[in-house]
Amino acid sequence: MQRYSVITEKNPREIVLLRGQGCRYRRCSFCDYHDDASCDEKANLELNTEALSHVTGRFGCLEVVNSGSFCELDGSTMKAIMAVCTTKKISTIHFECHWLYRRHIPALRKAFAEIGVDVKMKIGVESFDAAYREDVMLKGIRETDPAKIAEGFNECCLLFGLPGQTVKSMRNDIETGLKHFERICVNIMVENEAPLQPSDQVRQAFVNEIYPDYKDNPRVDILLHNTDFGVGD
Ligand code: SF4
């Protein structure tokens, strides 16, 4: 499993894939990556320390992902992240957070602000079509207003290439994301062990009709494969 990488294009940053206690929500119908988890805090710290040891601080920007939300990382790992921020002069750090944990974000922002680090928080919205998101993706975001979903977050993830999505719905999701968030990350669904599986037709529609319009947009990351950031397996 690759746990450290460098993103050189668009918002250059280093990225680490850390291991925590695991996603507590676990209901999203498209997701099977909550297996990268352990209740063994010591083992997690050992693994995460190794991943963090590669951080050089070359861009002053670090993204931390953990197959879940930041608050599922152990306290000892969070301390190790903060120590790396200080020693490597990181000024901006990106984390991910499920909607359910949004009330934990201000405390994290405060803790990092105290060491001079700005937190950019990313939420997996996947789609702004609330019916599709909740009835098909089972995402667990009851709020339907994109402006309210965006409160307290800086960035969002969208997930495309699924049955029932259209060029119109995907384009609308991107434009809504760009209206309410600083940056968006579009993930294209790949085959996995989850109940909801991709549609080749929808993936092709994205690649042919939407990708050319946004591929050079500096506010849009597009992962045609889930390892395009260089971490994962
Ligand atoms: S997508 Fe995120 S929140 Fe949903 S089950 Fe997977 S790890 Fe949990």
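In this predicted model, E63 sits across from H94, a residue of strand β4. That pair belongs to a stretch where β3 and β4 run parallel, joined by three bridges. To get from one strand to the other, the chain goes by way of a helix: β3, α2 and β4 together make a β-α-β unit, and it is right-handed.

Step over to the other partner of β3 and you meet β2. Strands β2 (residues 13-17) and β3 (residues 61-65) also run parallel, with four bridges joining them. Here V16 stands opposite V64 in β3. Once more there is a right-handed β-α-β unit, made of β2, α1 and β3.

Now go the other way, to β4 and β5. I93 has V119 in β5 as its bridge partner, while E96 stands opposite K122. The chain travels from β4 to β5 through helix α3 (residues 105-113), and this crossover is right-handed. K122 has a neighbour on the β6 side as well: E155 stands opposite K122 there.

Here are these parallel pairs side by side:

| Strand pair | Sense | Bridges |
|---|---|---|
| β2 and β3 | parallel | four bridges |
| β3 and β4 | parallel | three bridges |
| β4 and β5 | parallel | five bridges |
| β5 and β6 | parallel | four bridges |

What holds such strands together? Strands of a sheet pair through backbone hydrogen bonds, and they can do that in a parallel or an antiparallel way.

Zoom out, and the pairs turn out to be part of an open sheet of eight strands, in the order β1-β2-β3-β4-β5-β6-β7-β8, with mixed pairing. Which strands stand at the edges? They are β1 (4-7) and β8 (220-223); each has a single partner strand, so one side of each has no neighbour in the sheet. From one strand to the next, the twist averages 20°.

Finally, look at two of the helices. The axes of α1 (residues 41-52) and α2 (residues 75-87) come within 9 Å and cross at roughly 20°. Why does α1 count as roughly parallel to α2? Because angles under 35 degrees are called roughly parallel, and the crossing is at roughly 20°. The crossing itself is right-handed.

Which residues meet at this contact? From α1 come E41, N44, L45, N48, T49 and L52, and from α2 come S76, T77, A80, I81 and V84. Sort the residues of this contact by type and you get five nonpolar, five polar and one charged.

How values were computed:
Residues are numbered from 1 along each chain as its sequence is written. This is a predicted model: local features need pLDDT of at least 70, side-chain atom pairs count only at pLDDT 80 or more; totals for chains, interfaces and linings use all residues. Two strands pair if DSSP finds at least two bridges between them. Axes are lines fitted to C-alpha atoms, for helices over the stretch in contact, and angles run from 0 to 180 degrees between N-to-C directions. A crossover is right-handed if, with the strands pointing away from the viewer, the path from the first strand over the helix to the second runs clockwise. A crossing is left-handed if the near helix is turned anticlockwise from the far one by less than a right angle, and right-handed if clockwise. Two residues are in contact if their C-beta atoms, placed from the backbone, lie within 7 Å. Ala, Val, Leu, Ile, Met, Phe, Trp, Tyr, Cys and Pro count as nonpolar, Asp, Glu, Lys and Arg as charged, and the others, Gly among them, as polar.
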